[in-house]
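Trainee: I would like to go through the labels assigned to this model and check each one against its cut-off.
Mentor: Go ahead.
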Amino acid sequence: MAKVAFDFSGTATVVTGGASGIGLAIAETIVRGGGNVVISASRNPDKTRSALERLHAAEPSAEVRALPCEVGQEDSVARFFAEARQGAHNARYVVHGAAISPNTEFFDQTQKEWDAVLNANLTGSFLVLKYASFMLRENPVVDEWRGKIVLVTSSHGVNAYDPVSAHYDSSKAGANLLVRNAAEKLAPMGICLNALAPGWIRTALNDSLPDDVRARESARIWMGRWGTPQEMGQCVAHLLTLPYLVGQVLMPDGGYR
C-alpha cells in the first residue's frame, strides 16, 4: 500500500487536547513530520508529563511545550495563544481537539451538565477559532495561506448514536456548522479552516463503553472495526496539507449505516 510522508519542518503546530487520545496522536504525527508542537496541558500533571515524554521519544529534536488552557474560558484561551505565539517559531497550524463527553441517561442530564458540555465543546471551539485566528493573521502568506486550522468535531454531530450523549452530539453538530460560518470569515484573512469528524475511535473513553454498545456499533461499521487515534493523526495531517479545501467537514468513520 502506498504511504504518504508529511513535512512540517520549520513550523509549529498548536494542539488543544494534545495530552491524550486523538489529540496526542495528532501531535505525535506532527513531530514525526519534523514539526514542533505546543499542546494544552491536562489538568492531571502526570498525564501532561507522560504526553511530553512520548512526544520527545517520537522525535527527540522536536521542540515540545505544554501550556495551561481552559477552552471554555475566554481569558484562558486568549492567554494560551498569546503565550504559544511568543514561544513557538513560525506557528502556522492549529488543531483544536479538546472536548468533554460524559455519558448520562437522557433524563438524568441536568442543565449544569448540558451547560458544561456546550461550554467546553461548542463555546470552546468558537473561542479557540477566535484567538487562533488572531495569532495566525500575523503570519506572512505562504502557499496562499497565513495559517490553517482544523477543528476535531465528531460524526456524532451528523449521526445521533445514543440519548446518553445528547448533549455531546448537540455540541458537535453545532461545531460542524460553526466550521462553515467561520471558514467564510477566515478565508479572506488568509486562514484556512476545515474539520475532522471522526467516527468510533479506540480511545480510553470509548473503551469504557458497555460491551453490548460496542458490539452494536461495530456491526454498523462497513470496515468492521473502530479507527485508531494514529489514523486520525494522519487524517489531520492530510487536512493541514491538502490544497483547495476550505470549510469542509471530513468524516472518517470506516463507513457507517
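Trainee: Why is there no bond between the sulfur of Cys-192 and the closest cysteine sulfur?
Mentor: A disulfide is a pair of cysteine sulfur atoms within 2.5 Å. The closest cysteine sulfur to that of Cys-192 belongs to Cys-235 and is 16 Å away, too far for a bond. Cys-235 is therefore in no disulfide, and the count by this rule is zero.

Trainee: What are these values computed from?
Mentor: The model is predicted: local features need pLDDT of at least 70 and side-chain atom pairs count only at pLDDT 80 or more, while totals for chains, interfaces and linings use all residues. Residues are numbered from 1 along each chain as its sequence is written, and side-chain values use heavy atoms, with hydrogens and water left out.

Trainee: How do you know whether Cys-192 is buried or exposed?
Mentor: Buried means under 20% relative accessible area, exposed over 50%, and partly exposed in between (1.4 Å probe, protein chains only). Cys-192 has 2% relative accessibility, so it counts as buried. Cys-235 has 17% and is buried too.

Trainee: What makes a set of residues a nonpolar core?
Mentor: The members are buried Ala, Val, Leu, Ile, Met, Phe, Trp, Tyr and Cys residues, joined through side-chain atoms within 4.5 Å. The largest such core has 31 residues, and Val-14, Phe-81, Val-94, Ile-149 and Leu-193 have the most contacts inside it. Elements giving two or more residues include β1 (12–16), β4 (91–96) and β6 (191–196), but the largest share, seven residues, comes from α4. Helices (H or I, at least four residues) and strands (E, at least two) are DSSP runs, numbered from the N terminus.

Trainee: Which residues is Val-94 in contact with, leaving aside its neighbours within four places in sequence?
Mentor: Contact means heavy atoms within 4.5 Å. Among the partners of Val-94 are Val-14, Phe-81, Val-128, Met-135 and Ile-149. A second, separate core of 29 residues includes Phe-6, Ile-26, Ile-30 and Ala-51.

Trainee: What is notable about the phi of Asp-143?
Mentor: Most residues other than glycine have a negative phi. Asp-143 is not a glycine, yet its phi is positive, about 50°. Asp-143 sits in the loop between α4 and β5 and, at 69% relative accessible area, is exposed. Asn-90 also has a positive phi, about 55°, in the loop between α3 and β4. At 25%, Asn-90 falls in the partly exposed class.
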